[in-house]
Amino acid sequence: GSGSYMKKGEWEITTSFLRYYSDKRFIGESRNFAINAFKGPINIRNQFNFDVTYAFSPRWSLSLEVPVQFQTYDLHRVVPASGSTLPVPVNTGANGLGDITLRAGSWLLSDEHTKGNIFISLGLEFPTGNTDATSPVYGRQVPVDISVQPGNGAWGIIPTVQGFRTFRRF
């Protein structure tokens with residue numbers, strides 16, 4: 001049947017989880033072996049996405065996407081003015097609400113097409129995530145690396161194309 005389509009007036013709530021781990025650094029296309037897991041940095045992102053969709057019809061819908069992020073940026077550095085030359089772990093990070101997206105979309109074909117269809121949408125990203133997150137390093141608050149800031153501080157336009165196709169036995 002038309003299981004891929006929502007009916008007019010229906011709500012759909014979905015969640016997803018993303019885990020990102022990065023410990024390799026590159027300069028252009030060449031890997032930089034001078035920076036490694038013992039010197040850092042190591043980026044880890046755990047992100048939960050909460051999406052709510054309302055169907056205006058079987059073809060048209062509106063979605064609100066809310067990301068919640070837990071991120072760390074770990075590295076090894078020599079403590080300033082400590083007299084030691086041995087690097088010690090420095091753990092920084094930022095948690096919280098990311099940039100929220102409101103998206104409107106439509107199936108290109110009617111909901112009578114049950115063997116395949118293409119969904120296109122256009123979203124507006126709101127700068128709701130924190131762009132000024134700080135973390136304590138050697139007793140003082142410093143800005144965390146831009147790679148783990150929950151927000152990017154800018155409005156954005158997010159185009160999306162997705163689709164499905166059924167095959168005989170799949």
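**Exercise 1.** Does R103 count as buried or exposed?

*Solution.* The model is a predicted one. Step 1: take the relative accessibility of R103, which is 11%. Step 2: compare this with the cut-off, as buried means under 20% relative accessible area. Step 3: R103 therefore counts as buried, because its relative accessibility is 11%.

**Exercise 2.** Find the residue whose side chain meets that of R103 in a salt bridge, and place both in the chain.

*Solution.* Step 1: the partner is E65, with an N to O distance of 2.7 Å. Step 2: the count of salt bridges comes to one. Step 3: E65 lies in strand β5 and R103 in strand β7 (residues 100-107). The two are 38 residues apart, so the pair links distant parts of the chain. Step 4: E65 has a relative accessible area of 21%, and is therefore partly exposed, since buried requires a value under 20%.

**Exercise 3.** Describe the surroundings of S63.

*Solution.* Step 1: S63 belongs to strand β5. Step 2: its relative accessibility is 11%, so S63 counts as buried. Step 3: leaving out residues up to four places away in sequence, S63 touches V52, T53, T101, L102 and R103. Step 4: with T53 there is also a polar contact between the two side chains, at 2.7 Å.

**Exercise 4.** Which residues form the largest nonpolar core, and which elements give two or more of them?

*Solution.* Step 1: the core has nine residues, namely Y73, L75, V90, A94, A133, V137, V142, V144 and V148. Step 2: β5 (60-78) and β6 (87-97) are the elements that give two or more. Step 3: look at V148, which touches N43, Q71, T72, Y73 and A94 when residues up to four places away in sequence are not counted.

Notes. Residues numbered from 1 in each chain as written. Predicted model: local features only at pLDDT ≥ 70, side-chain atom pairs only at ≥ 80, totals over all residues. Heavy atoms only, no water. Core = buried A, V, L, I, M, F, W, Y, C linked by side-chain atoms within 4.5 Å. Buried < 20%, exposed > 50% of the residue type's maximum accessible area, 1.4 Å probe, protein only. Helix = DSSP H or I, 4+ residues; strand = E, 2+ residues; numbered from the N terminus. Contact = heavy atoms within 4.5 Å. Salt bridge = Lys/Arg side-chain N within 4 Å of Asp/Glu carboxyl O. Polar contact = N/O pair within 3.5 Å; in protein donor to acceptor, adjacent residues only side chain to side chain.
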